[in-house]
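Colleague: Please choose one part of this model and look at it closely for me, explaining each term as you reach it.

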Amino acid sequence: MASPNFDERRPNLVIIHHTSNHTLEQALHTLTSPERKVSSHYLIGRNGTIVQLVEENARAWHAGKSWWGGFTDINSVSLGIELDNNGREPFADAQIEALLVLLADIRQRYHIPPANFIAHADVAPTRKDDPSAWFPWQILAGQGFGLWCEAPLPPAPVGFDLALALTAIGYDPGTPEASRKAFRLHFLRGDQEPSVEHENALAFCLLQKKKSPSP
């Protein structure tokens with residue numbers, strides 16, 4: 001006899017990827033191949049086409065070995081969105097516009113907080129660097145998808161501990177160097193070596209935004 005005591009899985013994270021492929025067809029082949037054993041809930045083409053590959057209440061195989069905020073089975077608590085992009089090119093405007101529409105729909109249905117829209121590199125920093133430094137996180141954050149802090153930033157308090165702050169944001173404390181690299185890729189676009197003061201100020205600002213997100 002079946003029990004009536006259950007409900008559907010409700011995701012609380014959205015993980016954004018790039019496919020590393022050159023065409024939508026290549027990405028579809030990878031994400032639907034039984035041999036490759038990888039998938040995502042959605043794939044968005046360069047022209048803005050959205051393809052749903054896995055139902056949202058199902059567990060897609062997109063994050064792999066990962067860690068965020070103490071969770072180690074990220075696939076069980078997240079939705080995965082792949083963007084058709086080889087990682088060495090800007091993301092197409094139509095693609096980002098389609099992504100924003102999809103994210104707004106997801107947020108409305110699941111009430112996912114801003115801090116929980118993150119990168120594959122954030123949850124798997126020793127293995128992944130997607131989406132690349134080309135990804136426009138500041139545009140997403142402006143719509144409430146992810147965190148962002150603009151310079152000039154007030155300094156972090158005296159005695160500020162960057163490692164503890166990164167852990168509080170969500171990064172894996174067991175991989176400190178890789179986590180710090182992923183943090184820079186996401187919030188500094190990975191193309192600059194910040195001063196200690198600036199990096200601390202940025203982490204402090206992000207931590208405050210996570211604790212008290214804007215309405």
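Modeller: Let us start with the second largest cavity, which has a volume of about 30 Å³; a cavity is a set of points on a 1 Å grid over the protein atoms alone where a 1.4 Å probe fits but cannot get out, and its volume is the space filled by probe spheres set on points joined across faces, edges and corners. This is a predicted model, in which local features need pLDDT of at least 70 and side-chain atom pairs count only at pLDDT 80 or more, while totals for chains, interfaces and linings use all residues. Residues are numbered from 1 along each chain as its sequence is written, and side-chain values use heavy atoms, with hydrogens and water left out.

The wall of this second largest cavity is made by Ala119, Ala121, Asp122, Asp130, Pro131, Trp137, Ala182, Leu185 and His186, where a lining residue has an atom within 4 Å of a point. Helix H3 (120-123) and helix H6 each give two or more residues to this lining, and H6 gives the most, with 3 residues; helices (H or I, at least four residues) and strands (E, at least two) are DSSP runs numbered from the N terminus. By class, the lining has 6 nonpolar, 1 polar and 2 charged residues, with Ala, Val, Leu, Ile, Met, Phe, Trp, Tyr, Cys and Pro counted as nonpolar, Asp, Glu, Lys and Arg as charged, and the others, Gly among them, as polar.

Now we can widen the view. A search of the whole structure finds 2 cavities of 30 Å³ or more, and the largest cavity has a volume of about 60 Å³. Its lining consists of Trp68, Ala115, Phe117, Ile118, Asp122, Gly146, Leu147, Ile169, Tyr171, His186 and Phe187, and the elements that supply two or more of these residues are strand S5 (117-119) and H6 (176-187). Asp122 and His186 belong to the linings of both cavities. In the largest cavity, the lining divides into 8 nonpolar, 2 polar and 1 charged residues.

Two of the residues that line the largest cavity, Phe117 and Ile118, lead us to Val14 in strand S1. Leaving aside its neighbours within four places in sequence, Val14 is in contact (heavy atoms within 4.5 Å) with Leu79, Ile81, Leu103, Ile106, Ile112, Asn116, Phe117 and Ile118. Val14 has a relative accessible area of 0%, so it counts as buried; the cut-offs are under 20% for buried and over 50% for exposed, with partly exposed in between, using a 1.4 Å probe and protein chains only. The C-alpha atoms of Val14 and His120 are separated by 9.4 Å, although these residues are 106 residues apart along the chain.

Leu79 and Ile81, which Val14 touches, take us into strand S4. S4 covers residues 78-83, and because 6 of its 6 residues are buried, this strand is largely enclosed by the rest of the structure. Ser78, Gly80 and Glu82 point one way from S4, whereas Leu79, Ile81 and Leu83 point the other way. In a regular strand, side chains alternate between the two faces of the sheet. S4 pairs with S1 in the parallel sense over 6 bridges, and strands count as paired if DSSP finds at least two bridges between them. In this pairing, Ile16 stands opposite Ile81. Strand S2 (residues 42-44) also pairs with S4 in the parallel sense, over 3 bridges, and there Tyr42 has Ile81 as its bridge partner.

Ile16 and Leu83 both touch Phe135, whose other contacts, beyond neighbours within four places in sequence, include Phe91, Ile96, Leu99, Leu140 and Arg189.

Finally, we can set the cavities beside the largest pocket, which has a volume of about 410 Å³; a pocket is an open set of points with protein on both sides within 12 Å along at least five of seven lines. The largest pocket is lined by 23 residues, of which Thr19, Val38, Glu82, His120 and Lys128 are the closest to its centre. Glu82 thus brings us back to S4, where this residue is buried. Strand S1 (13-18) and helix H1 (24-32) each supply at least two lining residues, and H1 gives the most, with 3 residues. By class, the pocket lining divides into 5 nonpolar, 11 polar and 7 charged residues.
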